[in-house]
Each structure stands twice: as C-alpha cells, then as structure tokens.
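Me: I would like to learn how to read a structure feature by feature. Where should a newcomer begin?

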Amino acid sequence: MAKTEELRNLLLSIRDEVPGVRALAVISYDGFVIESFMPSSVDEDLMAAMGSSVLSIAERMGIDLGLGNFELGIVAGADGYLLLTKAGEEAILMVLVNKDVKLGVALYSVKKAAGKVAKLLEGIPVGELVASRWVEGA
Amino acid sequence: MRTFKIVLAGDGGVGKTTLLDAFRLGKFFQHKATIGLSISLCTVNLGRGVKCKLIVYDLSGQPRFMRLAHEIPRILRGAQGAILAFDLSSFATLLALDQWADMIRKVNGDIPIILVGTKADLEPEVSEDDIREFVERLGARAFVKTSSKLMLNVDKPFKLLVQMMMERQEAYTPLAVRFMSGEIRVKAEDGRSGQDRRAQKPTALHKR
C-alpha cells in the first residue's frame, strides 16, 4: 500500500478513535498539506500555512521561556479546540475537536496519534509526499 | 491546482499588503502596519486554463517583527519564490532589502526573487541605476514598477514569479515522484506488459 494511502487510512482511524474530532490534518513544517480531512468550507492550504507558523512561533516561545521542548499547542475557541502537535521531525498533526470533549482525553489521544503518524512517516522525505500531492491534484 | 509558497517582504510601510490586496481583490486599500505575519491565498491565472494557487507569507517590515523571521527561519522555509518590495520614493527602503534577501536565500537557496518598486505614482527618489545595481546585488530575476493606487502592474510580479517557479519546479521535481504520481508515464510503443517494460529503459516519456 502506498504511504499516502496508509496515511489516509491512519487519519481515518484517528478520526474514529479520538473523541469529538471535527477535522484533522497532517502538515509539513514548511506549511504544506500532506493529508487532511477538513470541511469543504475551509481552505486546507491556508490552514496548513497558518498551523505551521503558529507551531513554529509557539515552539520558539516555549524554548525562550524555558518551557523545554514543544509538546502541544492549544487554540481554544468558544466552540472548540485546535490541538497542534509535532508528528516526528518534519510533520505536524492538527486536530480540531468539539468544545464538549474531555480535553485531557483528547490531548492524550492526539499525542498517541501523533506518535503513530511519526512512525508511519519515518524515513520518508515529507517533501516528496507534498510534491506527489500537488502532482495528483494538477 | 499547483500550490506555491511565496514570501512578500520589505521595509515597513512600502505597501506590501496594499500591493497584495490590489492584486487579490482588484482594489486599492490603505492598510495599517501588518502585525507579525499575514498569510493569504490567491489564485494566479496564467491564461490557457493554467491556474496556480499562491500561499503568500506577507511579513511585517516593522523592525520588531523582522526579528520574527530572523529568529524563526522555519517560517520562511519551503518558500519557492519571493517578492522583495521597496518604495520608489524612499531610497532607504531599498537598502533594507539586502537583509531580507540574505535571510530568504539562507533558508531556501537560490529561489527566484522579484524586485518590486511600489508607489510609482509618487515623486521617485530611487534612480534607474540604483535599481539596476540592486537587481544584480540581490540576484533578482526581474524588476517591476507598480502603483497600487493607480492599479499599475499589480498582477505582474505575481504572474512573473509563478512562471519562474513553475519552470524551476519542472526542472527540480524528482523524476521518481512524477512517475509514481502518474504525471509521467512510460509510453508503450512495443505493446509489451508493464513488467516487461520495467526491465528496460523507457522508450519515451510523455505528460498526461
């Protein structure tokens, strides 16, 4: 099975396992979509660009403030949470969950899921996955 | 649709966001200073049905935010092209571009850069000779004079940059990725099976 298909299936299983998931995406550190399940009303490219920038800035703030290595970023809104975490060295997992979820459970599940994504992407040049995606969509 | 990440940078107040909005929205808007970083999407229509999506990282030129890109170069990473803007009526804004070009090149290597002189409707303070010198110094592939107020050439830098990035991507995308994705297929001229064909060199390549 191609890695892109494996990743798609993994994201589908994460969507089922993590409680209250509304959308999720794996993006590159450069801000490109690797794989995503986002509502059609949302531009996934824009979300990926913003997500990677937010994580990069949050990560740097954490280091400068002595918080240690970045683990997880949370953007809390009135209707839900956006959870951002690293999935290996080159990718980021972004998960949008409902407000009524138990946040602790969601955080635990997302971190676990990020580990699975990281394992799947191990040794694969993320740039190639991104490139194959734009070629697919050309 | 092909998607490109580009950086729009330059000194504060030169009209980067105004240029982007003039191109994107077809109207002249006056903006307050960009806070940190603004990310926008726009579609570039090159004609003949060729369209590209641009993710524009519009970086604040205010000195305190300039440090953001400097300290967190990951924000710039992966950019496939850049537009460096200066105000034609202020020579100092041209000088600021050295630093931006260095930062961008340090992270992304030799990506195409376009030099843009904004506010062409105002009395110029930058001479043609200065511009020529900076085009060379920054390694810019082109120079475009614009005026968002007059809607002069507001689409030109983006279209030019897309063309350059497409040419570069064609040259750099690994053949394997293009082959695996089906963009390039082995043309069967001898009617043999795929397995047989894999055992020998492709006889010809063609695009889908």
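Reply: What follows goes through a sheet, a core, two loop residues, a helix and a strand. The model is predicted.

Me: How is the sheet in chain B ordered?

Reply: Start with the strand order. Chain B has an open sheet of six strands, ordered 2-3-1-4-5-6, and the pairing is mixed. Strand 2 (37-47) and strand 6 (142-145) of chain B are the edges; each has a single partner strand, so one side of each has no neighbour in the sheet. From one strand to the next, the twist averages 25°.

Me: Which way do strand 1 and strand 3 of chain B run, parallel or antiparallel?

Reply: Strand 1 (residues 2-10) and strand 3 (residues 50-59) of chain B run parallel and are joined by seven bridges. Within this pair, B:Val7 stands opposite B:Tyr57 of strand 3.

Me: Which strands of chain B does helix 1 touch?

Reply: Helix 1 (residues 16-25) of chain B packs on the sheet and touches strand 1, strand 2, strand 3, strand 4 (81-87) and strand 5 (113-118) of that chain. The direction of helix 1 makes about 40° with that of strand 2 of chain B. Helix 4 (residues 97-108) of chain B also packs on the sheet, touching strand 1, strand 4 and strand 5 of chain B. Its direction makes about 170° with that of strand 4 of chain B.

Me: Which residues have the most contacts inside the largest nonpolar core?

Reply: They are B:Ile6 and B:Leu84, in a core of 84 residues. Leaving aside neighbours within four places in sequence, the contacts of B:Ile6 include B:Leu54, B:Val56, B:Ala79, B:Ile83 and B:Leu161.

Me: What should I look for in phi?

Reply: Most residues other than glycine have a negative phi. A positive value in such a residue is therefore worth picking out. In B:Met151 phi is positive, near 55°, and B:Asn153 likewise has a positive phi near 55°. B:Met151 lies in the loop between strand 6 and helix 6 (156-172) of chain B, and B:Asn153 is in the loop between strand 6 and helix 6 of chain B.

Me: Is B:Met151 buried or partly exposed, and why?

Reply: B:Met151 counts as partly exposed because it has 14 C-beta neighbours inside 10 Å. B:Asn153 is buried, since 21 other C-beta atoms lie within 10 Å.

Me: Where do the buried residues of helix 3 of chain A lie?

Reply: In an α-helix there are 3.6 residues a turn, so residues three or four places apart point the same way. Helix 3 (residues 103-121) of chain A has 19 residues. Among its buried residues are A:Ala106, A:Val110, A:Ala113 and A:Val117. Seen down the axis, the buried residues of helix 3 of chain A fall within an arc of 165°, so they line one face of the helix. The face turned away from the buried side carries the exposed residues A:Gly104, A:Tyr108, A:Lys112 and A:Lys119. Just after the helix, A:Gly123 takes a positive phi of about 80°.

Me: How many residues of strand 5 of chain A are buried?

Reply: In strand 5 (residues 91-98) of chain A, seven of the eight residues are buried. Seven bridges join this strand to strand 1 (residues 21-28) of chain A, and the two run antiparallel. Here A:Ala23 has A:Leu96 as its bridge partner. Strand 4 (residues 80-86) of chain A is also antiparallel to strand 5 of chain A, with seven bridges joining them; A:Tyr81 is partnered by A:Val97.

Definitions and conventions. Residues are numbered from 1 along each chain as its sequence is written. Chains are lettered from A and ligands numbered from 1 in the order in which they are written. This is a predicted model: local features need pLDDT of at least 70, side-chain atom pairs count only at pLDDT 80 or more; totals for chains, interfaces and linings use all residues. A nonpolar core is a set of buried Ala, Val, Leu, Ile, Met, Phe, Trp, Tyr and Cys residues joined through C-beta atoms within 7 Å. A residue is buried if 20 or more other C-beta atoms lie within 10 Å of its own, exposed if 12 or fewer, and partly exposed in between; C-beta atoms are placed from the backbone. Two residues are in contact if their C-beta atoms, placed from the backbone, lie within 7 Å. Two strands pair if DSSP finds at least two bridges between them. Helices (H or I, at least four residues) and strands (E, at least two) are DSSP runs, numbered from the N terminus. Axes are lines fitted to C-alpha atoms, for helices over the stretch in contact, and angles run from 0 to 180 degrees between N-to-C directions. The expected span of a helix is 1.5 Å times one less than its number of residues. The arc is that of the directions from the helix axis to the C-beta atoms.
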